[in-house]
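Biologist: I have a structure open and would like to learn how to read it. Where do we begin?

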Amino acid sequence: MERLLEIASRKADKVEIYSRSDVADGVRFENGRLKDVESSMLSGIGLTLMKDGRLGTAYTRNLIDREALVESALAALTGGVEADYDLSPAASPAGLDAWDPKIEELTTAAMVEECGRQAAHLGSCTKGQVNVSAARGISTTRVLNSEGFDQTVEGSSYQGYFAIHYPGSYASIHRAVSAKSFIAASREDLDEAADVFNASEKELRPRSGRTRALFLPGAMYALVWRLAAATTGRTVYEKVSPLRERMGEQVASSLLTLTDAPLDDSQPEARSFDDEGTTCRDKRILDEGVLRGFYTDRYYADKLDVQPSGNGYRSDITARPAPSLEHLRIEPGELSFTELLRELKEGVVVGGALGAHSGNILNGDYSIGLSPGLWVENGEIAGHVKDSMIAGNVYEDLHRVVALGSRLEPASMGRFPALLLDDLSFSTRG
Amino acid sequence: MFEELEKLLSGADADYADIRYEVKRETSIAFSGRELTGLSSSSADGCVLRVLKSGGLASVAFTRLEDAARALAAATANAELIGARLDEPVRLAKADVVEDEVRPALEEDPRERTVEEKLELLRGYNEIAHDHPKVATTSLGYTDLVREKHFCSTEGSRVREDLVTVRIAGGITTHEGGLTQTVRVGMGGSDGMWRLRGREELVEERRKLALDLLKAEPVKGGAYKVVLDQRLGGVFTHEAFGHFSEADLIEDSPSMREKMALGAKLGGDVLCIKDDPTLPHQLGRYRYDDEGVAARPVQLMKNGVLVGRLHSRRTAAAFSEPLTGHCIAEDYRYAPIIRMGAIFIEPTEETFESLLERLGDGLYLKNHMGGQTSGENFTFGAQYGFEVRGGKPGKMIRDINISGNLYSTMKSISGVADDLKLGEIGGCGKGQMNVRSCYGSPHLLIDGVVIGGR
């Protein structure tokens with residue numbers, strides 16, 4: 001890697017190298033039975049060069065021919081991507097405890113045992129189809145550049161997931177765990193999910209109209225996606241974010257606090273520097289509903305003439321760094337699930353979202369299929385609904401937060417509590 | 001290359017093993033607004049190894065050849081672990097041993113064009129997209145993707161096939177007052193760069209649409225009778241029905257397997273559906289899948305009756321149904337899974353005008369915004385549409401997401417037009433991406449779908 005830096009530095013003004021390797025093993029049970037055990041060992045290197053105010057990038061999986069990699073990046077310079085931002089200076093960001101060595105002893109056989117235990121327990125207390133999965137990962141990320149920055153972080157991760165499916169559907173009641181070390185699914189979690197599923201078995205046909213809705217953590221990304229799209233440096237710079245001139249304003253309910261927490265090393269992939277070497281810090285995007293921060297990589301920070309926020313991440317070695325919220329969380333409230341249902345009184349529980357990627361995301365609009373939708377009457381789950389949707393706009397609807405759940409759960413886009421909203425538009429066949 | 005791969009396989013202590021080595025070359029160029037924000041041309045490579053042993057089938061992906069022995073050991077151990085827990089051992093349906101080399105017929109091979117030329121092509125379209133004061137920004141990208149695949153197995157198959165995909169895709173965003181609207185633009189294919197030439201009109205039309213949408217009204221939620229255009233009909237076919245035709249998605253769900261039994265009458269007489277990766281000049285074309293099985297056309301539905309299914313070697317054996325050659329991986333990072341190749345509803349004799357007339361009062365919905373399926377339930381978005389009164393399209397509407405149930409919707413399809421169109425841009429994210437997933441349909445008349453709305 002040092003050789004590559006040396007070769008590239010001779011030919012360019014600024015050089016940044018990103019290297020990443022991942023070893024992962026995953027186990028999957030479907031319908032209560034072991035279905036698949038998969039492993040992967042992937043590594044690669046991304047190279048970024050700047051010369052005469054222009055930027056060139058290239059990548060490789062195998063560092064066999066360093067000269068060729070540098071030549072690819074130099075060739076890309078001719079395209080004329082204009083950039084001349086400063087690379088991260090040499091720094092020693094705070095050490096994080098992102099690595100649990102016990103992850104190395106976690107075998108696929110042990111994960112098969114754990115998933116088998118969960119499947120057997122859920123199978124004994126529900127009639128739904130039970131799917132369970134577990135995966136462990138070991139990652140090494142290194143960033144070095146021509147300014148003298150050179151840092152490496154090793155991380156461990158464990159992800160567990162179980163789901164009880166409604167017949168003929170992939171809609172499910174599900175739970176996820178995510179940590180840097182193995183954690184077994186607790187008996188209470190398994191039982192609670194089974195109880196919710198069993199209570200909702202009956203199909204109901206409520207009427208369309210305005211209703212209260214409880215978004216479970218697994219459905220929250222449908223709403224959070226809109227906020228993330230409006231707070232990235234990219235859409236702010238392009239002047240298409242609806243929030244671009246609203247810094248310091250109340251854009252959502254005061255019950256809502258959205259935090260980016262890269263330093264929380266109880267979670268996997270905790271980072272003290274991002275994929276460009278920028279020092280990371282915990283920060284509020286929304287603080288009690290008030291807009292407090294946009295997030296940037298070095299490219300957009302330079303365009304916007306602000307300090308980079310430490311959110312430059314690559315989705316893969318083949319991708320350029322881009323502003324990304326990798327450690328998102330909504331601060332939890334105080335109510336248990338049962339208390340949230342009581343507060344909901346009558347309305348719908350959004351257990352999962354279908355089609356969250358459709359619609360005018362930038363505008364804050366959403367229109368999602370409920371997958372599943374549970375119907376609540378008298379503060380208790382009465383059954384489930386089919387062919388139903390919730391639609392609205394986050395900048396209107398998120399002002400009507402009634403309450404938040406007390407428990408954070410890992411889900412798509414971050415860790416979220418359940419969120420109870422008032423007066424949403426519900427459409428159904430009934 | 002094959003000698004090296006076969007040498008590795010010869011070390012396998014297994015009932016069957018195969019390996020796929022791939023080089024993936026990619027040129028990508030991106031504009032954000034008028035700024036060029038990315039341009040790169042690189043390649044990467046890696047292997048996926050699969051082992052069948054003691055009744056279990058397992059795979060390992062790796063990118064460093066020095067990890068090969070470790071990968072083989074891991075795949076073997078994982079296969080044994082699976083085999084020990086299965087009631088029914090995994091079997092692979094018998095497939096022909098194939099030795100073949102396939103290069104796609106290309107009109108303008110992107111590998112023979114300079115990156116400067118590709119940049120100018122994209123810049124030209126981006127300028128057209130921007131050509132109005134209310135266009136706030138664009139996000140437009142050029143990609144050409146070449147997969148050079150080498151597949152061999154312990155049965156003696158050796159398949160070398162190249163897949164070349166080109167596309168220009170992105171969005172045009174317009175802005176007025178507090179409102180923004182984004183319209184997708186897409187062009188591309190699997191038979192060369194000529195697909196990206198002379199498409200100025202398409203970009204102009206999409207820009208106009210993004211402007212018109214600023215004036216359109218959000219749709220009111222409820223149940224409607226609708227006509228879907230070919231793109232939406234294609235998404236419906238792919239999302240709602242197609243995924244259910246993939247044997248791996250239903251095999252572990254007893255309730256779905258029962259409903260999807262061959263011979264079941266699921267739709268109206270008017271409904272015939274096929275998946276045919278071998279059709280020339282369409283995005284999803286390939287000769288061999290990533291198990292080295294030759295692709296073939298599969299009749300999935302005939303006059304509303306389910307008559308076929310898409311398979312891998314494993315599921316074909318488990319279902320005792322014929323092989324179809326539909327087991328495909330995104331690239332060298334993934335084991336293959338069952339994917340649609342080119343799925344479409346077959347056209348009838350009825351005209352689009354006749355469908356509108358039969359619609360009477362309802363909605364005419366156009367252009368898809370992506371969809372998702374969850375078992376028998378599906379959701380997908382329409383870019384825009386028109387209210388229809390007495391068979392005449394009127395006021396433009398937007399913010400349309402459709403939700404429904406596969407079985408009831410299939411039965412509600414009461415009209416299929418004569419104007420089949422396959423999409424130039426596909427894409428399906430079933431755990432891994434398949435950018436060549438192709439789908440299409442003629443115009444469809446459906447008697448009642450639920451639309452979310454404010």
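Modeller: Begin with contacts along the chain. This is a predicted model. In chain A, among contacts between residues at least 6 apart in sequence, 72% join residues at least 24 apart.

Biologist: How many helices and strands does chain A have?

Modeller: Chain A has 24 strands and 9 helices.

Biologist: What does the radius of gyration say about chain A?

Modeller: The value is set against that of a compact globule with as many residues. For 430 residues that would be near 22 Å, and chain A has 23 Å, which agrees. Along the principal axes, the C-alpha atoms of chain A fill a box of roughly 70 × 55 × 35 Å.

Biologist: What share of the residues in chain A is buried?

Modeller: Buried residues account for 62% of the 430 in chain A. As for the surface, chain A exposes about 15,900 Å², and 46% of that comes from carbon and sulfur atoms.

Biologist: How many positive and negative side chains are there in chain A?

Modeller: Chain A carries 64 negative and 47 positive side chains, with the centres of the two sets 3 Å apart.

Biologist: Now a single residue in chain B. Where is B:Arg206, and is it buried or exposed?

Modeller: B:Arg206 sits in helix α4 of chain B, residues 200-212. B:Arg206 is buried, yet has no salt bridge. A salt bridge needs a side-chain nitrogen within 4 Å of a carboxyl oxygen, and the nearest side chain of opposite charge, B:Glu205, is 4.1 Å away.

Biologist: Which residues does B:Arg206 touch?

Modeller: Leaving out residues up to four places away in sequence, B:Arg206 touches B:Ile172, B:Val183, B:Arg184, B:Val185, B:Asn367 and B:Gln383.

Definitions and conventions: Residues are numbered from 1 along each chain as its sequence is written. Chains are lettered from A and ligands numbered from 1 in the order in which they are written. This is a predicted model: local features need pLDDT of at least 70, side-chain atom pairs count only at pLDDT 80 or more; totals for chains, interfaces and linings use all residues. Side-chain values use heavy atoms; hydrogens and water are left out. Helices (H or I, at least four residues) and strands (E, at least two) are DSSP runs, numbered from the N terminus. The radius of gyration is taken over C-alpha atoms; the globule rule is 2.2 Å times the number of residues to the power 0.38. Buried means under 20% relative accessible area, exposed over 50%, partly exposed in between (1.4 Å probe, protein chains only). Contact means heavy atoms within 4.5 Å. Accessible areas come from the Shrake-Rupley method with a 1.4 Å probe; for residues, only the protein chains shown count as cover. Lys and Arg count as positive and Asp and Glu as negative; His and the chain ends are not counted. The place of a charge is taken as NZ of Lys, CZ of Arg, CG of Asp or CD of Glu.
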